[in-house]
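This report walks through one protein chain for a reader who has not met it before. Please keep the sequence and the three-dimensional view at hand while reading.

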Amino acid sequence: HYHNVVEEYIEGYYRYSEQNKVLKLSATDLNAMRSNLVNYEETRNYLSIRKIVEQVYNEISKETIEKQVHLSAKLQHANNQLAQWMFEKNELESLPDLEPEKTKECKLNRQYMEKNHIPYRPLYQILDFDENMPLEKRKRAEELLSAMRLLDAVIVHKDYQKQIQEFPAGCQDFYLWTTKNVQELSTVCISKLDDQEDFKQILQDLCIENNNEICISERYFKSGVIEGSLSLQQDAMFIGYESRLKIKEEKLAALTKQISEMEELRDSYIAEQSILEEELDILTIEYESFADEKQLKSSLDKVDSLRKEYNSIEKTIAELQENISKERESLQKIYLKIQEIADQLLIPTQQETFLSYKLDLQEYQNCYESFKDDYTGMLEKINIKQMEEEILTQLQEDLDNLRYDMDNLQYKLKVASQEKEILEKKL
C-alpha cells in the first residue's frame, strides 16, 4: 500500500507540473524529486522535495519581478516622454504664431516693452519670401539673419532708444532702430539675399539706419567687428506667415502622431504589466497548492503499525511452535513409557500394572485429542484473521484511491476558485 502511495505522489508531481500555468518543473527537477521520494521511507525528509519546488518558484518569481522592474522603467520613460510631448503640443497650440526660442531675459524685456506701451515688431514677422525664391536660398537667408542675431531682433522707433536703455537689470534683447512708425511698416518681400547690397535694401525698406560695415558672401558674413560663417544646414521656419503656419501644423501633426504611438506603446506596457502581476498571483497559488507529506506520512505510519503487528504475530507463532515442540517431547516420553509397558506385558504377574498403564494411555490420548482440537481451532482463527487483514488492506487501498480522487478534485476546485477570484478582482 505504501508503494502505491509513493507512485501516486510521483504521478501527482508530473500532473502538478503539467497542470500549472507558470510553475513548470523540468525533467531534472522531477527526477530529483522522485529520487528523494523513494528514499523518504529511510530519511523521512520531505523538506528536500519541497526545496526543489521552492527553488523553481524563487527563480520564476525573481525573473518575473525583474521583468516588472524593467517594464516599470520603460513605462516611466513612456509617461515622461508623453508628458513632454503633451506639454510641447499644448504650448505650440497656445501660440498664436510660431516664433524662435527666447531666453527668459528676452521674454522679460518684451514684457517691459508691452507694459510701457513701446510698439515693436520682430524682424521675421515683417519679412516674407518671394514665392519663386528657391528653398535652398530661403534656408540660407534665414540662417544668415539668425547668425547675425537679426532674425528675432525687434524693430523699434529710435525715439524709444533712451527709454529702453533704462530698463532694469535682467532685461536683454537685440534692436533695429527705425525712423518710421512701427505700425506703419509694410511686409518686405525677399526675392534674394546673396550679398550685402540685398541686405542693405531690406534695411532701407524698413527705414533702419545702418552705419556698420556689412559684408555677405555664400557662407561668410561680417557686420561691424562681428564675423561669422554659415552651415547651410538649417531649415527656414520663421520668415513668412504662411510658412510659419504650415510648419506649426506639421509640428502639431508630428507631435500628435508621436503621442498616439507612445500611448499605444504605454498601453501595451500596462497590459504586459497586468499579465506579469497575474502570473505572480498564479505562481503563488500554484506554489502553495503543492502536495504536503500528510498522506505519505500517514501511509508510512500505517506501514510501521502493520510491521509491529506482523512482528507480534510472528512472536506468537514462535511461542506456539515452542509449545508444540514441548508437547512433542512429552509425547515421545509417553511413547517410550508405552514401549516399556508393552515389554512388561510379557510377564503375566504384572497384568494389573498393564491395565493401569492402559488407563493412563487412554487418558493421555483424550488429552492429546483435546489439545489437537484446540491447536486446530487456533490455526483456523489465525487463517481467518489473515483473511480479514487482507480484506482490510484491500478496503484501505480502495479508500485511499477514493481519497486521492477526492483530493485531486478538491485541488482542481481550489485552483479554479482562486483563478476565479483573481479574474473577479481584475474585472
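Which residues are linked in a network of salt bridges? The network is made up of Glu99, Lys102, Arg110, Asp152 and Asp173, where a salt bridge is a side-chain nitrogen of Lys or Arg within 4 Å of a carboxyl oxygen of Asp or Glu.

The model is predicted, so that local features need pLDDT of at least 70 and side-chain atom pairs count only at pLDDT 80 or more, while totals for chains, interfaces and linings use all residues. Residues are numbered from 1 along each chain as its sequence is written, and side-chain values use heavy atoms, with hydrogens and water left out.

## The chain as a whole

The chain has eleven helices and eight strands; these elements are DSSP runs numbered from the N terminus, with helices (H or I) of at least four residues and strands (E) of at least two. Of its 427 residues, 30% are buried, a word that here means under 20% relative accessible area, whereas exposed means over 50% and partly exposed lies in between (1.4 Å probe, protein chains only). Among contacts between residues at least 6 apart in sequence, 73% join residues at least 24 apart, a contact being heavy atoms within 4.5 Å.

## Salt bridges

Side chains of opposite charge can pair when their charged atoms come close. A search of the whole structure finds nine salt bridges, and the table gives some of them.

| Pair | N to O distance |
|---|---|
| Lys102 and Glu99 | 3.5 Å |
| Asp173 and Arg110 | 2.8 Å |
| Asp194 and Lys137 | 3.5 Å |

Asp194 and Lys137 link distant parts of the chain, with Asp194 in the loop between strand 5 (188-190) and helix 8 (196-205) and Lys137 in helix 6 (residues 135-147), 57 residues apart. Asp194 is partly exposed at 30% relative accessibility, and Lys137 is also partly exposed, with a relative accessible area of 35%.

The side chains of Asp173 and Arg110 meet in a salt bridge. Because Asp173 lies in the loop between helix 7 (161-165) and strand 4 (175-178) and Arg110 lies in helix 5 (residues 104-115), this pair ties together parts that are 63 residues apart in sequence. Asp173 is buried at 12% relative accessible area, and Arg110 is buried at 6%.

In the pair of Lys102 and Glu99, Lys102 counts as buried at 16% relative accessibility, whereas Glu99 counts as partly exposed at 35%.

## The second largest pocket

Glu99 appears again in the lining of the second largest pocket, where 13 residues line the space and Glu91, Leu92, Leu95, Glu99 and Glu101 lie nearest its centre. The elements that give two or more residues to this lining are helix 4 (47-94) and helix 9 (241-288), and helix 4 gives the most, with three residues. A pocket is found on a 1 Å grid over the protein atoms alone, as an open set of points where a 1.4 Å probe fits, with protein on both sides within 12 Å along at least five of seven lines, and its lining residues have an atom within 4 Å of a point.

The volume of the second largest pocket is about 500 Å³, taken as the space filled by probe spheres set on grid points that are joined across faces, edges and corners. By class, the lining has six nonpolar, no polar and seven charged residues, with Ala, Val, Leu, Ile, Met, Phe, Trp, Tyr, Cys and Pro counted as nonpolar, Asp, Glu, Lys and Arg as charged, and the others, Gly among them, as polar.

## Helix residues and their distant partners

Ser61 lies in helix 4 and is buried, with a relative accessible area of 14%. Not counting residues up to four places away in sequence, Ser61 touches Leu280 and Leu283.

Gly12 is found in helix 1 (residues 2-19) and is buried at 19% relative accessible area. The C-alpha atoms of Gly12 and Ala291 are separated by 8.2 Å, although these residues are 279 residues apart along the chain.

## Cysteines and backbone angles

How many disulfides does the count come to? The count is zero, a disulfide being a pair of cysteine sulfur atoms within 2.5 Å. The closest cysteine sulfur to that of Cys106 is in Cys171, at 9.9 Å, which is too far for a bond, and Cys106 is buried at 7% relative accessibility.

Most residues other than glycine have a negative phi. Cys207, however, has a positive phi near 55 degrees; Cys207 is placed in the loop between helix 8 and strand 6 (214-216) and is partly exposed at 28% relative accessible area. His117, which is not a glycine, has a positive phi of about 55 degrees. His117 is found in the loop between helix 5 and strand 1 (121-122) and is exposed, with a relative accessible area of 67%.
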